[in-house]
Amino acid sequence: MGLASGTIAKYAAVGLVAGFFSALFGVGGGIIIVPLLVMFCAFEQRQASATSLAAIVVASIAGAITYGIHGELKPGAAALVGIPAVVGVLLGSSLQQRISNRRLTYGFGLLLAAIAVRLLI
């Protein structure tokens with residue numbers, strides 16, 4: 001069964017917004033994709049997080065190539081951040097499976113609010 005055109009348009013809009021903010025500010029995955037999937041595509045928090053991580057792979061490759069062409073990419077630093085991030089993803093996804101969707105959503109909202117306050121102060 002295929003996706004309805006309205007659903008495809010929503011996913012494409014989420015991707016466009018996430019890609020724009022990802023390239024502009026270095027954010028896009030959790031901060032943009034997850035809330036948009038929850039609000040506009042009726043995803044649960046866990047589904048949105050998993051889908052966001054998969055989508056980030058595609059966007060990250062495109063962004064890294066573009067920034068690499070402009071000489072802005074530091075592959076060594078990327079590896080030193082990325083390799084431990086794999087361990088963090090494994091630990092975080094394991095913990096996430098034990099937390100209710102409601103608590104995940106509230107925790108995520110609190111994290112975003114704390115980040116917003118910190119950036120504004």
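Here is a short conversation between a student and a tutor about the predicted model shown above.

Student: Before we start, what kind of model is this, and how are its residues numbered?
Tutor: It is a predicted model, in which local features need pLDDT of at least 70 and side-chain atom pairs count only at pLDDT 80 or more, while totals for chains, interfaces and linings use all residues. Side-chain values use heavy atoms, leaving out hydrogens and water, and residues are numbered along each chain as its sequence is written, from 1.

Student: Which element gives the largest share of the largest nonpolar core?
Tutor: A nonpolar core is a set of buried Ala, Val, Leu, Ile, Met, Phe, Trp, Tyr and Cys residues joined through side-chain atoms within 4.5 Å; buried means under 20% relative accessible area, exposed over 50%, and partly exposed in between (1.4 Å probe, protein chains only). The largest one here has eleven residues: V14, A18, I32, I33, V34, L36, L37, C41, F43, A48 and F108. Two or more residues come from each of α1 (5-25) and α2 (29-41), where helices are DSSP runs (H or I, at least four residues) numbered from the N terminus. The largest share, six residues, belongs to α2.

Student: Which elements are included in what covers the buried residues of α2?
Tutor: The buried residues of α2 are G29, I32, I33, V34, P35, L36, L37 and C41. One of them, I33, touches V14, A18, G28, S52 and A55, not counting residues up to four places away in sequence, and contact means heavy atoms within 4.5 Å. The cover over the buried residues of α2 includes α1, α3 and α5 (101-120).

Student: Is S52 buried or exposed?
Tutor: S52 sits in helix α3. Leaving aside neighbours within four places in sequence, S52 is in contact with G29, G30, I33 and V34. Because its relative accessibility is 2%, S52 counts as buried.

Student: What distance does α2 span between its end C-alpha atoms?
Tutor: The expected span of a helix is 1.5 Å times one less than its number of residues. For α1, with 21 residues, that gives 30 Å, and its end C-alpha atoms are 30 Å apart, which agrees. A straight helix of 13 residues would span 18 Å, but α2 spans only 15 Å.

Student: What is phi of A42 near, just after α2?
Tutor: A42 is in the loop between α2 and α3, and A42 counts as exposed because its relative accessibility is 68%. Just after α1, G26 takes a positive phi of about 80 degrees. A42 has a positive phi too, in a residue other than glycine, and the value is near 60 degrees.

Student: How much accessible area does the nonpolar surface patch have together?
Tutor: Nonpolar patches join side chains of Val, Leu, Ile, Met, Phe, Trp and Tyr within 5 Å, using residues with over 30% relative accessible area and no salt bridge. Here the patch consists of V57, V58, I61, I65 and I69, and I65 lies in helix α3 (residues 45-69). Together, these residues have about 520 Å².

Student: How far apart in space are H70 and A9, C-alpha to C-alpha?
Tutor: H70 lies in the loop between α3 and α4 (75-96), and H70 is exposed, with a relative accessible area of 58%. Along the sequence, H70 and A9 are 61 residues apart. In space, their C-alpha atoms are separated by 31 Å.

Notes:
Patch = residues over 30% accessible without salt bridge, like charges linked within 9 Å, V, L, I, M, F, W, Y side chains within 5 Å. Areas by Shrake-Rupley, 256 points an atom, 1.4 Å probe, with all protein chains shown as cover. Salt bridge = Lys/Arg side-chain N within 4 Å of Asp/Glu carboxyl O.
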